[in-house]
Amino acid sequence: MFSIDHIGVAVKSLAAAKSIYEKLGLSVSAEEVVEAEQVRVVMVPLGESRLELLEPTSENSVIASFIAKRGEGLHHISVQVPNLTAVVEQLKKDGVRLVTDEIKVGAGGHRYVFVHPSSAGGVLLELVEADG
């Protein structure tokens, strides 16, 4: 089943960004570093979805570039799919542009791939495989 997994938000500082959610009484996950993406992340559960706060760990990271160009804010929407490999194969057959053809492993060990905004109405769309 497809569902919204999380909404990614680019931030300069996790400590500063997560404080509003903590003040609201929400739980915030422990920080995790995703070396391949050069980011430090925390998750904020919200109902059946989550917010993912992303802080760059390098000036060369995609998130650092995003913040430099656009400032902090909404970075991507992540949709959970039941079989990522099958979905990616179908999208490629349908001519959908992906940011990279490689399925990667990110925060929490989840497999993911990004659909280029040019193929998703201007939105960076992350596809993540459902657990199990």
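In this predicted model, 8 strands come together as an open sheet, and reading across it gives the order 2-3-4-1-5-8-7-6, with mixed pairing. The two ends of that row are strand 2 (32-34) and strand 6 (104-105); each has a single partner strand, so one side of each is left without a neighbour in the sheet. Strands of a sheet can pair in either a parallel or an antiparallel way, through backbone hydrogen bonds, and this sheet, being mixed, has pairings of both kinds.

Take strand 1 (residues 3-10) to begin with: strand 1 runs parallel to strand 4 (residues 49-56), and 5 bridges hold the pair. One residue to look for here is H6, whose bridge partner in strand 4 is R50. Further along the sheet, strand 5 and strand 8 are also joined by 5 bridges, in the parallel sense. Strand 7 and strand 8, on the other hand, run antiparallel and share 4 bridges. V128 of strand 8 turns up in both of these pairings: V128 is the bridge partner of Q80, and V128 is the bridge partner of Y112 as well.

Now for the helices. Helix 2 (residues 62-70) lies across strand 1, strand 3 (39-46), strand 4 and strand 5 (73-81), and makes an angle of about 135° with strand 5. Helix 3 (residues 84-93) packs on the sheet too, where it touches strand 5, strand 7 (111-115) and strand 8 (125-129), and its direction is about 20° from that of strand 7.

Then there is the largest pocket, which holds about 750 Å³ of space. Its lining is made up of 36 residues, and V62, H75, H76, F114 and L124 are the closest to the centre. Two or more lining residues come from each of strand 1, strand 3, strand 4, helix 2, strand 5, strand 7 and strand 8. Helix 2 is the biggest contributor, with 6 residues. As for chemistry, the lining splits into 18 nonpolar, 9 polar and 9 charged residues.

Stepping back to the whole protein chain, there are 3 helices and 8 strands, and along the sequence they follow the pattern β-α-β-β-β-α-β-α-β-β-β. The radius of gyration is 15 Å, close to the 14 Å that the globule rule gives for 132 residues, so the protein chain is as compact as a globular protein of that length. Along the principal axes, the C-alpha trace spans about 45 × 30 × 25 Å.

Terms used:
Residues numbered from 1 in each chain as written. Predicted model: local features only at pLDDT ≥ 70, side-chain atom pairs only at ≥ 80, totals over all residues. Heavy atoms only, no water. Pairing = 2+ DSSP bridges. Contact = heavy atoms within 4.5 Å. Axes fitted to C-alpha atoms, helices over the stretch in contact; angles between N-to-C directions. 1 Å grid on protein atoms, 1.4 Å probe; cavity = no way out; pocket = protein on both sides within 12 Å on 5 of 7 lines; lining within 4 Å. Points joined across faces, edges and corners; volume = space filled by probe spheres on them. Nonpolar A, V, L, I, M, F, W, Y, C, P; charged D, E, K, R; others polar. Rg over C-alpha atoms; globule rule 2.2 N^0.38 Å.
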